[in-house]
Amino acid sequence: MPPTIAIDGPAASGKGTLSKRVAAHYGFAHLDTGSLYRAVGFSVLSAGGDPANPELALAAALALTPESAILTHPGLRGDDAAQAASQVAAMPPVRAALLDFQHSFVATPPGGKGSVLDGRDIGTVVCPDAPAKLFVTASVEVRAERRVKELRAAGQDVSVDTVLMDMKARDERDSRRAVAPLKPAVDAFVLDTSALDADGAFEAACAFLRTRIGPA
Ligand code: CDP
């Protein structure tokens, strides 16, 4: 089995940016697993359905393949898709369907060298035997500020208070759900990025990864 680097953490902790850089550094394939949950929630919403409906959510999850055009839809990055994602992510049959998708990526990553998966439960559920696990976090205020910047840069007019409230609601739902809740694996290296920029986070991650995966 090619090596897998598991990178978990809450919304806007910097795990997406970090995962892309780590994947490029090692020449591994990257899978943003949040985009799978977003795609499921967003495809139900776009068809006029309610993402809280388990049958509609499961049908959308089973229909998802690596080639699905929805995976690159710009609408996935919006807050509606994020909230819908966290609703469908609490449904065990949806998670089971997406687990199959993720396991085949890990077994045969594009390029064949290895993979970096980022999400909420990679180190705990999807790849519990991954040789390197990172849990990337930051204070909720710092994360809300980062998300506001991101959304404003994408042309969305949002207030800090709304984003902070939404983020707390999503953190709460992700951490308290019965299946695959957001929590660090016991053997994860916890990386707090509250006071680090993207370069600082990358350096800290690389220092840890060298001890587990070796040099790039
Ligand atoms: O980018 P951001 O961190 O805001 O969110 P994301 O990583 O795109 O994930 C969106 C939602 O999908 C999360 O709030 C989780 O509810 C869910 N998710 C999950 O349950 N398990 C994963 N491995 C990845 C995402």
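Visitor: Which residue classes make up the shell around the ligand?

Guide: Five nonpolar, four polar and 10 charged residues. Ala, Val, Leu, Ile, Met, Phe, Trp, Tyr, Cys and Pro count as nonpolar, Asp, Glu, Lys and Arg as charged, the others, Gly among them, as polar. This is a predicted model: local features need pLDDT of at least 70, side-chain atom pairs 80 or more, while totals for chains, interfaces and linings use all residues. Residues are numbered from 1 along each chain as its sequence is written, and side-chain values use heavy atoms, without hydrogens or water.

Visitor: Which residues come nearest to the ligand?

Guide: Arg 38, Arg 95, Arg 147, Arg 170 and Asp 174, of 19 around the ligand (a heavy atom within 4 Å).

Visitor: Which elements supply the shell?

Guide: α2, α4 and α8 each give at least two residues (helices are DSSP runs of H or I, at least four residues; strands are E, at least two). α2 gives the most, with four.

Visitor: How do I read the polar contacts?

Guide: Look for N or O pairs within 3.5 Å. A side-chain N or O of Arg 38 is 2.5 Å from a ligand oxygen. For Arg 95 that distance is 2.8 Å. A polar side-chain atom of Arg 147 also lies 2.8 Å from a ligand oxygen. The protein buries 97% of the 530 Å² that the ligand exposes alone (Shrake-Rupley, 1.4 Å probe).

Visitor: Where does the ligand sit?

Guide: In the largest pocket. Sitting there means more than half of its atoms lie within 2 Å of the grid points. A pocket is an open set of points on a 1 Å grid where a 1.4 Å probe fits, with protein on both sides within 12 Å along at least five of seven lines; lining residues have an atom within 4 Å of a point.

Visitor: What lines this pocket?

Guide: 12 nonpolar, 11 polar and 19 charged residues. α1 (15-26), β2 (29-32) and α7 (140-153) are among the elements supplying at least two each.

Notes
Polar contact = N/O pair within 3.5 Å; in protein donor to acceptor, adjacent residues only side chain to side chain.
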